[in-house]
Amino acid sequence: MTSNEFKILFTGPMGAGKTTAITQLSDQVCVSTDVVNTDLEQCNKEMTTAGLDYGYISLPDGSGVRLYGTPGQERFQFMWPILANNAAGVILLLNGEHPDMEAHLDLYTNAFSNNGETPLVIGIGRISSDDFARIDRVTEKLAAKHLFVPVISVDVRECEDVLLLVETLLCQIEANEMELMQV
Amino acid sequence: MQTQRLGFIGLGDDTVSACLSMLKIIDGRSSVHWSQATPAMADVLMVSSLQEAQTSQDDLSQKPCIVIYPSSEEKPASAFALPHPFRVMQLLDVLDEVLRSLDTSSNHAEHNREVSESEGNSSLPTVDFCASLYRVINNKGSTELYSSQSPEGLLLVKPASHRFYARPALLHALSAGPVSFSPLSPSSEPVSEGMVPRPLFELAWLTGANHCNALLPWLDEDSHFKFSRWPSAAALNKSRQLLSLCALMTRRALTLSELKTLSHCDDKALYHFINACEISGLLVSQVRAPSAIASSIQAGAEHHRLGGMIKGLRTRLGLS
């Protein structure tokens, strides 16, 4: 990564919509390392990301934003720190229909929040848009871990929703940068 | 006004100082005046959760004890407990509870307070609704259903399910401007047909909007404000200004003037935001000595290393 680029990381379990979200934003065709999904118990979809997803947004001044997606299967966890290195912020996508959603929340926030230091936004898909109590419960659960993180109900097939995740993350990156400048 | 003396055991100077500052703020709202005294002379004790066991063994154990515990920990199993950092309304609530247990005539004092408030300021019935809404939202589960009357109809609040119920006419009136509500009280009224469920944060948000000319009376203009958790994304309505405020306030406690400098919000928007968040129970306010961080953060904000690229990305994605 060069000095006129920064990285946004998309993470979350299999089937949460990381590839779809990156595809929504990327200028070029998203580079995916999809293979046939042999873990149908975890998520019933044909293909899944085994290495990483990669997209790129070119900016008018010649700089750019790299978009990386982590592989969804937990057996590829060794990739996580490699992809998280130097990320300006992380977008964690969760599947609200998955029975282990709360366990996923713990697993991924522990792995990527860096104790609240890394700007992080959580998007929960496949829940009713008026399920406020559920979103509140997740926010409260995070606050109990001293993670003050925005939690948004999203449908990553909708570009507007992905843009909201990005805007929320950018606001956090800015606040983080101000904090760093202050230090 | 009756005076009660408060003694502190095992609490740090900062904690005692924060409590005394808040006592000043609530002086007009509590039914008694609170002053500091030595533990031996005090009527009520505030004790660190670490000292609780020791205090219960000595002579001071006859006095009502409010156990102060870190907000990150479980509430201790004592009659009176207060999480730290303090919140003004929680402090007021626990002191009122202690007074009731001391068998002071709390009903009489409450009546006097209500009379003096309604005589003193015509906007206070709405403020009373605000205070009652704050209490209901932040004491979830104590009662299942609360109701409030307004000229435009009945309002029902179910804190456990994070919802309120109203007929469309009342919802419309609420969105259009201030509505005068009676304070919320426990109710057994059924949710009738035709009442629409709405998220509770929306009620907090609309109520906050009716108080956009000043902070709520129990908040101090000189306080530093920080979030205890993120507000509902739906309440923020995709506003970058509000998202930025949230991001800033989860990182550090900031004063109103610092928030104004950093977010470029006008007074009305800022008061609305702070009041709505306070009613929703998201704010931690701390009274501290003023700092000079805003100007230095501002300088940083304009020159931080990713600033240009973030601006470019927003333009590129149509977020500007």
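Helices (H or I, at least four residues) and strands (E, at least two) are taken as DSSP runs, numbered from the N terminus. The structure is a predicted model, in which local features need pLDDT of at least 70 and side-chain atom pairs count only at pLDDT 80 or more, while totals for chains, interfaces and linings use all residues. Residues are numbered from 1 along each chain as its sequence is written, chains are lettered from A and ligands numbered from 1 in the order in which they are written, and side-chain values use heavy atoms, with hydrogens and water left out.

In chain B, P159(B) is placed in the loop between β7 (153-158) and β8 (163-166). Burial is assigned by relative accessible area: under 20% is buried, over 50% is exposed, and values in between are partly exposed (1.4 Å probe, protein chains only). P159(B) has a relative accessibility of 1% and therefore counts as buried. Its C-alpha atom is 8.4 Å from that of Y146(B), a residue 13 positions away along the chain. A second proline, P76(B), lies in the loop between β4 and β5 of chain B. P76(B) is also classed as buried, because its relative accessibility is 18%. Between P76(B) and S49(B) the C-alpha to C-alpha separation is 7.7 Å, with their positions 27 residues apart in sequence.

The two strands that flank the loop of P76(B) are themselves paired. Strands are said to pair if DSSP finds at least two bridges between them. Strand β4 (residues 65-70) of chain B runs parallel to β5(B), and the pairing extends over five bridges. Within this pairing, L82(B) in β5(B) is the residue opposite I68(B). Of the five residues in strand β5 (residues 80-84) of chain B, four are buried, and the strand is mostly covered. In a regular strand the side chains alternate between the two faces of the sheet.

Chain A contains five helices and seven strands. Read from the N terminus, the order of elements is β-α-β-β-β-α-β-α-β-α-β-α. Of the 183 residues in chain A, 58% are buried. Contact is defined as heavy atoms within 4.5 Å. Among contacts in chain A with a separation of 6 or more, 68% join residues 24 or more positions apart.

The interface of chain A and chain B brings 50 residues of chain A into contact with 40 residues of chain B. The buried area, that is, the accessible area (1.4 Å probe) that two parts lose on being put together, summed over both, is about 4000 Å² between the two chains, and carbon and sulfur atoms give 66% of it. Nine residue pairs (both at pLDDT 80 or more) are in polar contact across this interface. A polar contact is a pair of N or O atoms within 3.5 Å; within protein, one must be able to donate a hydrogen and the other to accept it, and residues adjacent in sequence count only if both atoms are side-chain atoms. On the side of chain A that touches chain B, the elements giving two or more residues are β1 (5-11), β3 (47-58), β4 (64-69), α4 (132-144), β7 (151-154) and α5 (159-182) of chain A. The most is given by α5(A), with 19 residues. By residue class, this side of chain A holds 27 nonpolar, twelve polar and eleven charged residues. Here Ala, Val, Leu, Ile, Met, Phe, Trp, Tyr, Cys and Pro count as nonpolar, Asp, Glu, Lys and Arg as charged, and the others, Gly among them, as polar.

Side chains of opposite charge can pair when their charged atoms come close. A salt bridge is counted when a side-chain nitrogen of Lys or Arg is within 4 Å of a carboxyl oxygen of Asp or Glu. Over all chains, 15 salt bridges are found, and the count between chain A and chain B is six. One salt bridge joins E160(A) and K238(B), with the closest N and O atoms 3.7 Å apart. This pair crosses between chains, from helix α5 of chain A to the loop between α8 (233-236) and α9 (240-251) of chain B. K238(B) counts as partly exposed, because its relative accessibility is 48%.

Within chain A, D106(A) and K141(A) form a salt bridge whose closest N and O atoms are 3.4 Å apart. The pair links distant parts of the chain, with D106(A) in helix α3 (residues 101-112) and K141(A) in helix α4, 35 residues apart. D106(A) is partly exposed at a relative accessible area of 25%, and K141(A) is partly exposed at 27%. Both residues belong to a network of salt bridges that links E102(A), D106(A), K141(A) and K145(A). A further salt bridge joins R157(A) and D155(A) at 2.9 Å, N to O. R157(A) is exposed at 64% relative accessibility, whereas D155(A) is partly exposed at 24%.
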